[in-house]
Amino acid sequence: MQDTPQTLNDKAKESWRALQQHAADTANDHILDYFHRDPARVQSYSLSAAGLTLDYSKNRANSATLEKLVKLAEDAGMRKSIDAMFAGEPINHTEGRAVLHTALRSSSDTPVLVDGQDIKPEIRSALAQMEQFVSKVHRGEWLGYSGKPINDVVSIGIGGSYLGPRVAVEALRPYWQENIRCHFVSNVDGSDIAYTLENLNPETTLFIVQSKSFTTQETLANSMTAREWYLREGGSETGLSKHFVAVSSNVQRARDFGIDAENVFPMWDWVGGRYSLWSAIGLPIALQVGMKAFRELLAGAEAMDQHFKTAPLEQNMPVLMGMLGIWYHNFLGADSYVILPYDQTLENLPAHLQQVDMESNGKGVNRSGVGVDYATGPIIWGGAGTNGQHAYHQLLHQGTRWTPADFILPLKSHKPAGRHHAMLASNCFAQSQALMCGKSLEKARQELLDAGMSSERAGELAPHKVIPGNRPSNTLVMDEINPHTLGALIALYEQKVFVQGVIWNLNSFDQWGVELGKQLSDSILPMLLDTGASTDALDPSSAALVEKFRKANGSGS
């Protein structure tokens with residue numbers, strides 16, 4: 001357990017100390033005991049909002065725990081911070097920017113001001129531009145250079161310009177439009193773009209260059225390779241504007257690339273990349289599922305935003321999930337968090353949430369630039385059930401490092417096949433039950449004896465079958481994965497991350513930690529391309545690696 005943070009305000013310090021004492025007082029509590037004491041615990045520890053239902057009864061928390069966590073949130077200024085974000089205050093203070101991904105999904109006509117200007121008309125205009133473009137593509141009116149309609153869309157981006165849209169496209173597969181296939185390219189590894197282009201026809205392929213600045217190294221490299229492929233395979237310079245569009249705030253750079261200005265969709269400084277799928281960065285989503293479904297995605301997120309904005313903290317889903325994460329991370333010693341979607345179409349949701357969480361709260365200084373004296377962002381990981389049960393669930397159940405878990409399950413399947421969905425759900429429910437209940441040494445031994453094993457052998461084997469239990473989890477269910485529930489789900493995690501950033505007094509909306517690697521990469525690249533370039537500025541290890549690359553590739557040119 002950590003010492004009381006010195007960088008919190010006095011009221012928050014007092015609440016923190018109360019939680020430290022509470023953690024010591026409840027160190028030997030077992031979740032099962034909470035159920036025995038409170039027969040109505042499931043009802044009391046369940047909450048519904050925006051089409052999602054959260055069962056948080058399997059947490060190592062009682063009513064006193066929750067009261068103290070909510071008190072910490074209050075004392076840390078949670079309500080004031082929520083209001084500041086929605087009002088458009090420049091809470092991203094290191095970059096002097098508002099944080100208004102919430103405005104992108106707001107259907108309200110209430111103005112939201114940035115530097116004195118209402119941004120709502122710009123948002124509506126961008127949606128109208130998307131609507132017109134998507135409609136042309138779907139009706140077969142947007143024609144390639146040879147007069148054929150578009151069938152394949154390649155989205156080229158990285159980070160938030162890639163992860164969020166890809167997750168949404170995959171999750172909404174039941175809503176895909178006919179005759180449109182979206183592909184995603186992000187890695188600067190040439191095999192990513194090469195394998196994507198292998199089976200595409202340049203006459204019927206549209207590329208979306210996703211870069212706010214139009215200077216992102218990986219995105220530009222892949223876009224130039226796509227451009228060269230298009231020209232090499234028969235496309236013309238004059239027809240290039242029919243095959244390349246962009247989402248960027250740098251219209252001039254997009255034009256220099258060959259994209260018509262009217263085919264550049266806007267991005268704004270008040271939208272961070274990892275929160276941008278709700279903007280025109282979501283163009284691949286709209287092309288794959290249609291604008292009606294895209295607007296329903298926005299509506300689901302807005303419903304969660306309204307719940308987050310208005311619900312009392314003790315009945316607020318993002319707040320409860322965020323504060324339970326604080327409880328485990330800062331008071332009970334957990335250092336990671338696992339996301340377990342029991343739905344194949346959500347396979348890549350943990351990867352998106354990794355960026356949302358770890359890029360937001362993976363910080364070592366507070367908002368004043370002072371080094372923190374408490375743990376911040378946890379390691380986020382996970383994958384689709386039931387696959388993980390045959391991989392890392394071993395660690396979840398018997399490992400020395402325990403990890404809080406979120407199980408996510410749609411109650412209905414879009415593709416029912418025999419008993420498949422019931423089997424999926426039974427595994428989901430069983431895994432959370434096993435994490436909580438575990439298996440004692442006595443029970444393990446008795447099971448072996450009942451199976452006919454000798455007493456001596458049962459005594460030898462039983463310790464290996466003991467599962468400690470008392471490992472916490474949330475279970476999130478929804479009727480089905482559809483645009484509305486998907487929007488609510490992603491927004492829920494965005495706001496959960498915000499809640500934790502408030503408690504840790506972080507700026508959750510900058511990402512200066514990614515800059516150094518970019519700068520060093522820019523200095524190393526010329527050394528790899530030119531065998532005569534000096535490596536004196538490098539450390540010995542890096543210089544040796546550069547030399548190995550040179551020997552393997554010649555000049556690299």
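Reader: What is the strand order in the open sheet of 5 strands?

Author: Keep in mind that this is a predicted model. The sheet is open and its pairing is parallel. At the edges stand β6 (181-185) and β9 (264-265), each with a single partner strand, so one side of each is left without a neighbour in the sheet. Reading across from one of those edges, the order is β6-β5-β7-β8-β9.

Reader: Okay, and in β6, which residue is the bridge partner of I156?

Author: Start with the pair of strands: β5 (residues 152-156) and β6 run in the parallel sense and share 5 bridges. I156 has its bridge partner in β6, and that partner is V185.

Reader: Which helix packs on that sheet, touching β5, β6 and β7?

Author: Look for a helix spanning residues 190-197, in contact with β5, β6 and β7 (205-210). Its direction makes about 160° with that of β6. That helix is α9.

Reader: Now the open sheet of 6 strands: which strands stand at its edges?

Author: Here the pairing is mixed, and the order is β1-β2-β13-β12-β10-β11. Each edge strand has a single partner, so one side of it is left without a neighbour in the sheet. From one strand to the next, the twist averages 20°. The edge strands are β1 (46-49) and β11 (379-382).

Reader: How many residues of β13 are buried?

Author: Check both sides of the strand. S473, T475 and V477 point one way, N474, L476 and M478 the other, and all are buried. So much for the sides; the count for β13 is 6 of its 6 residues.

Reader: Which residue of β13 does T53 stand opposite?

Author: β2 (residues 52-55) runs antiparallel to β13, with 4 bridges joining them. On the β12 side, the pairing with β13 is parallel over 6 bridges, and there L409 stands opposite V477. T53 also has its place opposite β13, and the residue it faces is V477.

Reader: And which residue in β12 stands opposite L340?

Author: The strands to look at are β10 (residues 336-341) and β12 (residues 405-410), which run parallel and are joined by 4 bridges. Opposite L340, in β12, you'll find F407.

Reader: Moving to α17, how many Å does it reach from its first C-alpha to its last?

Author: α17 covers residues 420-437, so 18 residues in all, and at 1.5 Å a residue the expected value is 26 Å. The model comes close to that, with a reach of 25 Å.

Reader: Within what arc do the buried residues of α17 fall?

Author: The buried residues are H421, L424, A425, C428, Q431, S432, L435 and M436. An α-helix has 3.6 residues a turn, so residues three or four places apart point the same way. Seen down the axis of α17, the buried residues line one face of the helix because they fall within an arc of 135°.

Reader: What do those buried residues pack against, and which exposed residues are on the face turned away?

Author: The buried residues of α17 pack against α2 (31-37), α16 (393-398), β12 and β13 (473-478). After the helix comes G438, with a positive phi near 65°. The face turned away from the buried side carries the exposed residues H420 and A422.

Reader: Last one: is the crossing of α21 and α22 left-handed or right-handed?

Author: The axes of α21 (residues 515-529) and α22 (residues 540-553) come within 9 Å and cross at roughly 40°. I524, M527 and L528 of α21 make the contact with V546, F549 and R550 of α22. The crossing is right-handed.

Conventions
Residues numbered from 1 in each chain as written. Predicted model: local features only at pLDDT ≥ 70, side-chain atom pairs only at ≥ 80, totals over all residues. Heavy atoms only, no water. Pairing = 2+ DSSP bridges. Helix = DSSP H or I, 4+ residues; strand = E, 2+ residues; numbered from the N terminus. Axes fitted to C-alpha atoms, helices over the stretch in contact; angles between N-to-C directions. Buried < 20%, exposed > 50% of the residue type's maximum accessible area, 1.4 Å probe, protein only. Arc of directions from axis to C-beta. Contact = heavy atoms within 4.5 Å. Left-handed = near helix turned anticlockwise from the far one by under 90°.
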